[in-house]
Amino acid sequence: MTGWIFLYIIIAVLILFVAVLLIRTIRFQPEKEAPVAVDKIVLNQGKIVEDMVAMICCKTVSNRDDSLVAWEEFDKFRNLLVERFPQIHTKCQMERIGKSGLLYFLPGKSSDKPSVCMAHYDVVPVEEDGWSKPAFEGLIEGGYIWGRGTLDTKGTLCALLEALEKLLEEDYVPENDLYLSFSGEEEIDGNSCADMVSYLEKKGVKPAIVVDEGGAVVDHVFPGVDRECALIGIGEKGSVNMDFSMESEGGHASTPPIHTILGQLSEAVCKIEKHPFKRQMTKPVVEMFDTLGRYSTFIYRMIFANLWCFAPLLDMICKKSGGEMNAMMRTTVAVTRMEGSKAYNVLPPKAGFGINMRLLGTDTIDSAISYLQSVIGNEKVKPHLVNGMNPSIYSDTSCEEWKKLKTAIHQTWPEAIVSPYLMMACSDSRHYCRITDRVYRFSAMRLSKEERAMIHGNNERIPITTLITTVEFYVRLLKLL
């Protein structure tokens, strides 16, 4: 009889467990959004296209080696802004800060909640052989403007200036002080943005909102969700470059030791890949799961509504599959370089490999190095930090400024689901985390998977319709700030 009672208890517990899962899943529904009025915006599309083309024709390629930078192209770009945006350069104060920083200031009706809109005007180099159209001629073909920087980020810079120029022609005065922050060194992690932040910090400016490049309006990026999503980065992973090396006496390859230093280094690489960092559920990821998970198909909704139960299963799937979902949940390590002897018959006196780490959550540079050393378990493998930064703080998603950004997005892309997310890449906006916890990373464009692959890649181009829509977005956002 006791056995039957025990069986009944197990069955009752299982029924209760399943009931809890189902009830939580059924209640895990999208929050109701108030309808948003969409106003018609009339733009001078011809001027916008001409301005974008002119910007692309400036070869503002940044380089860590100043001697390789065509500084006259940067001057050409800055002069172009003065020429093509007269209202801005008449009504705004502009400061040249650092090596390439441009900081515009437009006084508002109040200085209590200043806003900062960001972009950068430097671009990465081009491998001309891989392009089917010229990269710096601003060619218009098939409804696209071709050229390096159209998506990253001269497109958003152009759109922001077009929006402000239009509003100033209509005697626009922002509700709060407005700053435009443009750097020409973003692609090389230069100091100009940090210098601009220091300048604002000394003036006691604490931004109520900072908007920079980041997420975009995309589709098919979340399991079980078939609607397009507007993803706003509310935090960034830290980025670290490191080398690991070993030394030996070298010698001739005809009489090798049992275990060469390259063999030991290869073993270290395998250990690193077999022992990934532990899962962490950070604020951006939790809020993304909570937002987008509500729009998923039933099975996925069950998982995201019951992470208290299914998180280990999700973690296991992510570890095995890799990719973006896995990168959202842990610090990642990518082995990207390996060096040894330059001759086939010579044992190298020194060999090494290089990694790029993307730090998540509570992981820091020091703690990550310590973890990797323990995983490798070979004191002869020496770590060397090349450069790096810890993860950013996470931004507030309960404030009025977040709601204003969501409103501008809904007015521009009414069908998009707006969600926080975690940025894998690094941007200049991380510097603003020193003076505010309201930094939002959103590239105001609808981007296909193909278009996202063009960023830093070949044949970068922007649909003219996308550029115009981006201007419309900034017009709406500036009216709300």
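These exercises work through a predicted model.

## Exercise 1. The open sheet

Task: State in which order the four strands of the open sheet lie, and which strands form its edges.

Solution.
- Step 1. The order is β11-β13-β9-β14, with antiparallel pairing.
- Step 2. The edge strands are β11 (332-339) and β14 (382-388), since each pairs on one side only.
- Step 3. On average, neighbouring strands of this sheet are turned by 25° against each other, direction ignored.
- Step 4. Now take one pairing. β9 (residues 238-247) and β14 run antiparallel and share six bridges. M242 has L385 in β14 as its bridge partner.

## Exercise 2. Helices across the sheet

Task: Find which strands helix α7 and helix α12 lie across, and at what angle each runs to β13.

Solution.
- Step 1. Helix α7 covers residues 261-274 and lies across β9, β11 and β13 (350-359). Its angle to β13 is about 15°.
- Step 2. Helix α12 covers residues 365-376 and lies across β9, β11, β13 and β14. Its angle to β13 is about 130°.
- Step 3. Compare the two lists. Strand β14 appears for α12. For α7 the strands are β9, β11 and β13.

## Exercise 3. Length and burial of α15

Task: Check the span of helix α15 against the expected value, then say how many of its residues are buried.

Solution.
- Step 1. Helix α15 has 17 residues, 464-480.
- Step 2. At 1.5 Å a residue, α15 should span 24 Å. The expected span takes 1.5 Å times one less than the number of residues.
- Step 3. The end C-alpha atoms of α15 are 25 Å apart, which agrees.
- Step 4. Turn to burial. Of the 17 residues in α15, 12 are buried, so the helix is mostly covered; the cut-off is under 20% relative accessible area.
- Step 5. Among the buried residues of α15 are I464, L467, F473, Y474 and R476.

## Exercise 4. How α13 meets α15

Task: Describe the packing of helix α13 against α15 by angle, axis distance, handedness and contacts.

Solution.
- Step 1. Two packed helices are described by the angle between their axes and the distance between the axes.
- Step 2. Helix α13 (residues 400-412) packs on α15 at about 145°. The axes are 9 Å apart.
- Step 3. The crossing of α13 past α15 is right-handed.
- Step 4. From α13, the contacting residues are K404, L405, T407, A408, I409, Q411 and T412. From α15, they are T469, F473, R476, L477 and L480.
- Step 5. Cross-check with burial. F473, R476 and L477 are also among the buried residues of α15.

## Exercise 5. Counting disulfides

Task: Find how many disulfides there are, and give the nearest cysteine sulfur for C58 and for C426.

Solution.
- Step 1. The cut-off is a pair of cysteine sulfur atoms within 2.5 Å. By that rule, the count is zero.
- Step 2. C58 is in no disulfide, as the nearest cysteine sulfur, that of C57, is 7.1 Å away.
- Step 3. C426 is in no disulfide either; the nearest cysteine sulfur belongs to C433, 11 Å away.
- Step 4. Add the setting of C58. Its relative accessible area is 1%, so C58 is buried.

## Exercise 6. The site of D315

Task: Locate D315, decide whether it is buried or exposed, and list what it touches.

Solution.
- Step 1. D315 is in helix α10 (residues 307-321).
- Step 2. At a relative accessible area of 9%, D315 is buried.
- Step 3. Leave out residues up to four places away in sequence; D315 then touches R279, M329 and R330.

## Exercise 7. The partners of β7 and β6

Task: List the strands joined to β7 and to β6, with the sense of each pairing.

Solution.
- Step 1. Strand β7 (residues 209-218) has nine of 10 residues buried, so the rest of the structure largely encloses it.
- Step 2. β3 (residues 110-120) runs parallel to β7 over three bridges. C117 is bridged to V211 in β7.
- Step 3. β16 (residues 439-446) also runs parallel to β7, over five bridges. V217 has R446 in β16 as its bridge partner.
- Step 4. β8 (residues 229-236) is antiparallel to β7, with two bridges. Here V217 stands opposite A230.
- Step 5. Move to β6 (residues 176-183), where eight of eight residues are buried.
- Step 6. β2 (residues 101-106) joins β6 antiparallel through five bridges. L102 is bridged to F182 in β6.
- Step 7. β3 pairs with β6 in the parallel sense over seven bridges. S110 stands opposite N176 in β6.

Terms used: Residues numbered from 1 in each chain as written. Predicted model: local features only at pLDDT ≥ 70, side-chain atom pairs only at ≥ 80, totals over all residues. Heavy atoms only, no water. Pairing = 2+ DSSP bridges. Axes fitted to C-alpha atoms, helices over the stretch in contact; angles between N-to-C directions. Contact = heavy atoms within 4.5 Å. Buried < 20%, exposed > 50% of the residue type's maximum accessible area, 1.4 Å probe, protein only. Left-handed = near helix turned anticlockwise from the far one by under 90°.
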